[in-house]
Amino acid sequence: PYCLVWTALPCITCCFPCIGHTGICKSDGVIYDFVGRGPMHSGELAFGAPLKYVVLDHANYSPDQWDEAINRAN
């Protein structure tokens, strides 16, 4: 919950290790990421399981505010 998550992109990350695919987690830990046009993909990253994560500071936000911000971005 409350994390940015990262996973490798096949073939690209092995040549350029700083390049990958990112997503953001809602307060319940469900991952959302943008995959092309249309709404955000939810539940998992499009290119595999998260390999790295960073916990974000959410002290100033209630779980409802955090989730609503992600919903609005969607």
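What follows is a chat about the folding pattern, aromatic rings and surface of a predicted model.

Visitor: What kind of model am I looking at here?

Guide: This is a predicted model, and we can begin with its strands before turning to single residues.

Visitor: Okay, how many strands are in the open sheet, and in what order?

Guide: The open sheet has five strands, arranged in the order 4-3-2-1-5, and their pairing is antiparallel.

Visitor: Which ones are the edge strands?

Guide: Strand 4, residues 41-42, and strand 5, residues 52-55, are the edge strands, since each of them pairs on one side only.

Visitor: And how many bridges join strand 1 and strand 2?

Guide: Strand 1 and strand 2 are paired in the antiparallel sense over five bridges. If you want to find a spot to look at, go to Ala 8, whose bridge partner in strand 2 is Gly 20.

Visitor: What holds strands together in general?

Guide: In a sheet, strands pair through backbone hydrogen bonds, and the pairing can be either parallel or antiparallel.

Visitor: Switching to rings: how many aromatic pairs are there?

Guide: The count comes to two aromatic pairs. In one of them, Tyr 2 and Trp 66 meet edge-to-face, with 5.2 Å from centre to centre and 70 degrees between the planes. Tyr 2 lies in the segment before strand 1 (3-8), while Trp 66 lies in helix 2 (residues 63-73), so this pair ties together parts that are 64 residues apart in sequence.

Visitor: Are those two buried or exposed?

Guide: Both Tyr 2 and Trp 66 are buried. The cut-off for buried is under 20% relative accessible area, so Tyr 2 at 11% counts as buried, and Trp 66 at 10% counts as buried too.

Visitor: What about Tyr 61 and Trp 66, why is that pair edge-to-face?

Guide: The ring centres of Tyr 61 and Trp 66 are 6.2 Å apart and their planes stand at 65 degrees, so the pair is edge-to-face, given that planes over 60 degrees apart are put in that class. Tyr 61 itself counts as partly exposed, because its relative accessibility is 46%. Taken together, ring pairs link Tyr 2, Tyr 61 and Trp 66 into a cluster.

Visitor: Which charged end sits over the ring of Trp 6?

Guide: That is the charged end of Lys 52, placed 5.2 Å from the centre of the Trp 6 ring.

Visitor: Back to Tyr 2 for a second, what is its phi?

Guide: Tyr 2 has a positive phi of about 60 degrees, although it is not a glycine. Most residues other than glycine have a negative phi. Cys 11, also not a glycine, has a positive phi of about 70 degrees.

Visitor: Where is Cys 11 then, and is it buried or exposed?

Guide: Cys 11 is found in the loop between strand 1 and helix 1, and with a relative accessible area of 65% it is exposed.

Visitor: Which residues form the nonpolar patch on the surface?

Guide: Ile 12, Phe 16 and Ile 19 form that patch, and together they have about 270 Å² of accessible area. Of these, Ile 19 is placed in the loop between helix 1 (12-15) and strand 2 (20-25), and it is partly exposed, with a relative accessible area of 35%.

Visitor: Last one: where is Asp 28?

Guide: Asp 28 is in the loop between strand 2 and strand 3 (31-33), and it is exposed, having a relative accessible area of 54%. Its C-alpha atom is separated by 18 Å from that of Trp 6, which is 22 residues apart from Asp 28 along the chain.

Note on methods:
Residues numbered from 1 in each chain as written. Predicted model: local features only at pLDDT ≥ 70, side-chain atom pairs only at ≥ 80, totals over all residues. Heavy atoms only, no water. Patch = residues over 30% accessible without salt bridge, like charges linked within 9 Å, V, L, I, M, F, W, Y side chains within 5 Å. Areas by Shrake-Rupley, 256 points an atom, 1.4 Å probe, with all protein chains shown as cover. Salt bridge = Lys/Arg side-chain N within 4 Å of Asp/Glu carboxyl O. Helix = DSSP H or I, 4+ residues; strand = E, 2+ residues; numbered from the N terminus. Buried < 20%, exposed > 50% of the residue type's maximum accessible area, 1.4 Å probe, protein only. Phe/Tyr/Trp six-rings, centres within 6.5 Å; stacked < 30°, edge-to-face > 60°. Lys NZ or Arg CZ within 6 Å of the ring centre and 35° of its normal. Pairing = 2+ DSSP bridges.
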